[in-house]
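Colleague: I have a file open and want to go through it with you. Can you take my questions in whatever order they come?
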Amino acid sequence: MKKYSSIVLILLLALALTLSGCGSPEPEEPAPADEPSAPAEPGEEAEEDALRVVLLLNGTLGDRSFFDSANAGLEMIEDEFGAEVRTIEMSYDQTRWEPTLWEVSEQDWDIIILGTWQMQEYLQEIAPEFPDNRYIIFDTAVDYSVADLSNVYSILYKQNEGSFLAGALAANVTSSDMELANEQKMIGFLGGMDIPVINDFLVGYIEGALYVDEDVKVYVSYIGGFDDSATGKEMALAQYNAGADIGFNVAGQAGLGQLDAAKEMNKYAIGVDSDQAMVFADSDPEKAELVLTSMLKRVDNSLFRAVEMHLDGTLPYGEAEELGLVEEAIGLANNEFYQNNVSEELRAELAEMADMIANGDITVSSAMGMTTDELNELRDSVRP
Amino acid sequence: MANLMDIILSTSFGYAVLRVTTPILFATLGALISIKAGVVNISMEGTMLTAALTGVVISAVTGSGLAGLVAAVLAGMLLGLMLAYFALNLKTDIILAAIAINLMASGGTVFALYIISGDRGISSSLASIVLPKVQIPLIHQIPVVGAVLSNHNILTYVALLSVIVVYVLIYKTPLGLRIRAVGENAHAADSVGISVIKTQYIALIMSGAFAGFGGAFMSMGYVSWFSTNMTAGRGFIALAAEALGMGRPFGVLLTSLLFGTADALANALQAFRIPSEFVQMVPYVVTILGLVVYAKRRQSMAQKHKTEDRV
């Protein structure tokens, strides 16, 4: 009896681990995504010259934002260049990230793509061991002074530029006589964590708002993580209750709570990374109406651009590049809700601002490299 | 800081406290019943998560919020039953079995969501139903009290009423007496003819049912969708709330409210430029302070009656 029960328990645990580990395999990819240790036996020797690209996600697909966008980029690369591609979801279990990167580095890939600041240190350690490999890391930059990282290309996004437009939109809305706008000139910002990348959005958002109207106040909240959408909703409700009539969420899945709060309070919201209005366009159109636009971080475009340049031999390995509005790596979502709910005049004004940023007439500050004191000063200056 | 008092004394803050407390209270009551019967159910987190998904899926398929709620509670009971079978029939360690349920739920719900809807992070493509809000007739008209107490999600009231139900169940019914007897000393209970296994089965299934209500509130009241790991540790906070409440229904109501207040306070404090890391610490500091008080009280109680040996 005891033996039987322990076998059942072990099976249950094994099942639990497999399930929790992997998310689920991509439908178009028969190779299981849950076995990062043994991917990629090149099946077709005939296509020897096909570019082989692997994408390592330190999370799972289905976030409707960042990782999904990276995967979309990989699909574009597959379609356009006939590359052999593979996405490996390493899940949110940090202990699997470093071994997987080692494993993949030892295999025969032309380009290894990975992202986020959490992978940066692992890459700094591993990349010098494989000088013949080519790595692309997005949304962070490796520290090129610590080792010979001439085989790593880093992509940074000028999220501050896109957020500037979001801030300008929010400030216009809160001062306008739009249906759901109130008297108070207060706008909200819901961040995931108090970290440089998120604050880069914030800095652009505040500057954009102040550019339009110096009197606008910004209510800033940080959820403390990226998955608790109930807390995200709670904080957004607190902002709307305090008088904000539009908010910008930068908190991944947790930030979606803001959209629920917007519907409950009948206020406006601005999405992030991917087009969040489209997430609800079918199942809850009322909610989608309130999402005026989303500040897109086009990971897909930036990866496509990098691989294209790699093929041309012009990709500057050993360097970090900042991509912004010009490279179409950043921008506001131009969907039906944006067109229907934001006046034509305001849309034209925002387009003009985007041009001015692109050709350098407006310079937007960045939180990267900003001291905590400077950041606090900026946040305090707009405190409601 | 006059501003801070304004926020805390505002009706929307009081309203938020009750909303934040609801899922914790459900899970805490579930934990309480299981512990009373001497079988610690630490699978509240996974059970809530599973129930949250079940509620969303069934309500989207049937178009009925009630059907979703019933399905969520049934899913909770089923997991309670499963835990009971592993622990009581197969004699596995109940803690390990519960950990397995938690792990299985965190990955299994994503897997199931993907199979059902093609989504992986969030169930936004399912048109699931949100359970209605209720206005309490008389109380609704009272100025301040009405704004705090009325117009909550129906499950918030179910949670508050459940405190009374659990109290009556445990202290005023024969079943409650059996549960307590089994929990205090299973051998003694056995010797007077109480079926220990049956009683513990009932307790674990009821515990699962409460977690089911908590899960349904998360996905059909608190927010209007299921998302990966959306319970975010509330099932574990419930275990702390149960311990702090000394295993008494009204005690756990107070401690759940304490956790809810700490959480709501952490959300409201963001308005001031207090470092967010500090603010996010508040609920956990409250937990630690609470546990210290709890440990002190237990020490003095243990000196009084040397016999008490609650899990």
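**Strands, a helix and a contact**

Modeller: Four bridges join E3(A) to strand E4 (residues 135–138) of chain A, and the two run parallel. This is a predicted model.

Colleague: Which residue of E4(A) does A:Gly115 stand opposite?

Modeller: A:Gly115 stands opposite A:Phe138 in E4(A).

Colleague: And in what sense do E1(A) and E3(A) pair?

Modeller: Strand E1, residues 52–57 of chain A, pairs with E3(A) in the parallel sense, over four bridges. There A:Val53 stands opposite A:Ile111 of E3(A).

Colleague: Is E3(A) mostly covered or mostly exposed?

Modeller: Mostly covered: E3(A) is residues 111–115, and five of its five residues are buried.

Colleague: What about the two faces of E3(A)?

Modeller: Both are covered. In a regular strand the side chains alternate between the two faces of the sheet. Here A:Ile111, A:Ile113 and A:Gly115 are on one side, A:Ile112 and A:Leu114 on the other, and all are buried.

Colleague: Which helix goes with E3(A) and E4(A) in the β-α-β unit?

Modeller: Helix H4, residues 120–126 of chain A; with E3(A) and E4(A) it makes a right-handed β-α-β unit.

Colleague: Where does A:Asp139 sit?

Modeller: A:Asp139 is in the loop between E4 and strand E5 (152–157) of chain A. Its phi is near 70°, a positive value in a residue other than glycine.

Colleague: Why does A:Asp139 count as buried?

Modeller: Because it has 22 C-beta neighbours inside 10 Å, and the cut-off for buried is 20 or more.

Colleague: Switching to chain B. What is the phi of B:Ala232?

Modeller: About 45°, so to speak on the positive side, although B:Ala232 is not a glycine. B:Ala232 is in the loop between H10 and helix H11 (234–244) of chain B. It counts as buried because it has 20 C-beta neighbours inside 10 Å.

Colleague: What pLDDT does chain B average?

Modeller: Chain B averages 89, and 96% of the residues score at least 70. For the model, ipTM is 0.82 and pTM is 0.80.

Colleague: How many residues does each chain bring to the contact?

Modeller: Chain B brings 42 residues and chain A brings 48.

Colleague: Which elements of chain B give two or more residues to that side?

Modeller: Helices H2 (11–36), H5 (94–117), H10 (196–222), H12 (249–268) and H13 (276–304) of chain B. H5(B) gives the most, with eleven residues.

Colleague: How do the residues on the side of chain B that touches chain A divide?

Modeller: Into 21 nonpolar, 16 polar and five charged.

Colleague: Back to chain A. How many helices and strands are there?

Modeller: Chain A has 15 helices and twelve strands. Of its 384 residues, 52% count as buried. Of the contacts in chain A with a separation of 6 or more, 69% are between residues 24 or more positions apart.

Colleague: What span should H6(A) have, and how far apart are its end C-alpha atoms?

Modeller: H6(A) covers residues 196–212, and at 1.5 Å a residue its 17 residues should span 24 Å. The end C-alpha atoms are 24 Å apart, which agrees.

Colleague: How many of the residues of H6(A) are buried?

Modeller: 13 of its 17, so H6(A) is mostly covered.

Methods. Residues are numbered from 1 along each chain as its sequence is written. Chains are lettered from A and ligands numbered from 1 in the order in which they are written. This is a predicted model: local features need pLDDT of at least 70, side-chain atom pairs count only at pLDDT 80 or more; totals for chains, interfaces and linings use all residues. A residue is buried if 20 or more other C-beta atoms lie within 10 Å of its own, exposed if 12 or fewer, and partly exposed in between; C-beta atoms are placed from the backbone. Two strands pair if DSSP finds at least two bridges between them. A crossover is right-handed if, with the strands pointing away from the viewer, the path from the first strand over the helix to the second runs clockwise. Two residues are in contact if their C-beta atoms, placed from the backbone, lie within 7 Å. pLDDT is the predictor's confidence in each residue, from 0 to 100. The expected span of a helix is 1.5 Å times one less than its number of residues. Ala, Val, Leu, Ile, Met, Phe, Trp, Tyr, Cys and Pro count as nonpolar, Asp, Glu, Lys and Arg as charged, and the others, Gly among them, as polar.
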